[in-house]
Amino acid sequence: MNSAITKTISFLLLIAIGYFLQKKIQGRERKDGIKTLILSLALPATIFIALLKIEFSWGMIIVPVLAIGFNLLMYLLVSKLPLPSLFNLKEEQYRTLIMLLPSLAPGLSLFPFIMEYHGEEPLALAALADVGNKVFVLIILYSIAMKWYFDRNEIGNRNTSEKLKSLFKSMLEEPVNMVMLAAIVMLAFGLHFDSLPGFLRDSVDKMNLMMTPLILLFIGISIKFTWQQVKAIFSFLFFRSAIAFVISGLLLVLLPVTDVPTMILIVVFPQSACSFWPFAHMSAVNTLESAQENPIRPRTFDLDFGMNALACSLPFSVALILSVYVFEDFFVQPANVFLSSGIFIALAALPLLFSARWFKTYASRLAEERS
């Protein structure tokens with residue numbers, strides 16, 4: 001068994017351990033304690049190290065730009081299509097998926113396979129593409145989450161300067177954003193991670209090491225599956241993969257790329273699992289709503305539904321990425337990539353085709369709209 005598969009099995013095992021610990025870690029306060037460790041220590045340490053280790057040249061800017069382009073296109077498709085009525089989702093669940101589906105987590109679901117099958121050169125390209133993805137998930141998705149919070153909590157009636165002031169204040173109060181600001185200032189002065197004192201580097205490194213096991217255990221502790229939710233989540237994951245295959249196929253046709261490792265990277269990078277970062281933003285919004293004297297119901301986001309989506313996304317993406325690497329001769333052909341997209345669209349639609357309830361619900365909503 002190669003090291004990538006071994007690492008993947010260990011990731012899934014951590015989720016399973018978390019799931020079996022649910023009876024031991026009951027109560028919102030205990031779960032919130034673990035979540036606070038993740039959002040206030042582990043994730044900020046990870047992003048701090050990642051930013052300070054970036055070696056960037058302007059000639060390579062096309063790589064992160066393409067990643068942001070994928071994020072934005074996926075966001076527009078998921079947010080504009082009439083998917084809530086098709087899948088009979090609540091608004092807060094749909095907003096949760098809009099946050100999660102455009103995001104990517106290549107570190108957990110992709111990087112081990114790149115290193116195992118094709119080595120360091122495509123891994124460096126993937127890490128550079130992840131810079132663009134991080135700009136989207138850390139800044140753009142955070143702004144979107146806060147805009148929804150302002151609008152739903154009647155803060156949208158304030159003038160623009162007040163809303164910007166509230167957004168700026170909430171951004172500064174988030175540990176991740178404070179760490180990003182500190183890293184950017186250091187980079188502006190030519191300082192990198194190695195410029196820090198040894199004791200500080202060691203402390204940050206140890207906090208960074210907590211991230212992966214804490215997140216995976218937290219996912220296992222928090223998941224509460226229902227068949228209806230799992231069916232909807234996997235339909236959306238198949239839909240997300242289908243769109244990713246279309247984008248990858250177009251890039252294979254348009255870009256002058258001929259080496260197999262880079263071609264496969266174009267196919268697998270958009271298939272990475274959903275990122276935990278949007279969940280961090282949704283948790284921040286949930287905390288703000290909980291602090292209100294009269295919090296609105298329902299909340300802007302459904303955090304339990306989001307955790308279930310993250311739990312489903314990781315094994316789904318890992319299985320798909322592994323399949324692409326095993327059958328890489330098939331996936332370097334653009335025609336086959338487009339064919340895969342069609343198959344995944346069909347798989348996404350299967351729950352609808354066998355759901356009589358959907359036909360009734362959708363027909364009634366169409367009738368209401370016409371009246």
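**Group meeting: two cysteines and two helix pairs**

Okay, let me start with one residue: Cys 312 is buried, with a relative accessible area of 4%. Before I go on, please keep in mind that this is a predicted model.

So where is the closest cysteine sulfur to that of Cys 312? In Cys 274, 9.9 Å away, and that is too far for a bond. The cut-off I'm using is 2.5 Å between the sulfur atoms. Coming from the other side, Cys 274 is in no disulfide either, and its nearest cysteine sulfur is that of Cys 312. Cys 274 is buried as well, with a relative accessible area of 8%. And the disulfide count by this rule? Zero.

Let me zoom out for a moment. The protein chain has 19 helices and zero strands. Of its 371 residues, 48% are buried. If you take the contacts with a separation of 6 or more, 84% of them are between residues 24 or more positions apart.

Now back to Cys 312, since it takes part in a helix contact. The helices here are H13, residues 227-254, and H16, residues 303-326. How do they pack? At an angle of about 50°, with the axes 10 Å apart. That makes H13 and H16 oblique to each other, and H13 passes H16 in a right-handed crossing.

If you want to click through the contact, on the H13 side you'll find Gln 229, Ile 233, Phe 234, Leu 237, Phe 238, Arg 240, Ser 241 and Phe 245. Facing them from H16 are Phe 305, Asn 308, Ala 309, Cys 312, Ser 313, Phe 316, Ser 317 and Leu 320. By class, this H13 and H16 contact has 10 nonpolar residues, five polar and one charged. The charged one, for the record, is Arg 240 on H13.

The second pair is H11, residues 198-209, with H12, residues 211-222. Here the axes come within 5 Å and cross at roughly 25°. Angles under 35 degrees count as roughly parallel, so H11 is roughly parallel to H12.

Who makes that contact? From H11 we have Met 207, Asn 208 and Leu 209, and from H12 Met 211, Thr 212 and Pro 213. Sorted by class, the contact of H11 with H12 comes to four nonpolar and two polar residues, with no charged ones.

So, to recap the two pairs: H13 and H16 are oblique, while H11 and H12 are roughly parallel. And Cys 312, where we came in, is buried and sits in the H16 side of the contact with H13.

Conventions:
Residues numbered from 1 in each chain as written. Predicted model: local features only at pLDDT ≥ 70, side-chain atom pairs only at ≥ 80, totals over all residues. Heavy atoms only, no water. Axes fitted to C-alpha atoms, helices over the stretch in contact; angles between N-to-C directions. Helix = DSSP H or I, 4+ residues; strand = E, 2+ residues; numbered from the N terminus. Parallel < 35°, antiparallel > 145°, perpendicular 65-115°, else oblique. Left-handed = near helix turned anticlockwise from the far one by under 90°. Contact = heavy atoms within 4.5 Å. Buried < 20%, exposed > 50% of the residue type's maximum accessible area, 1.4 Å probe, protein only.
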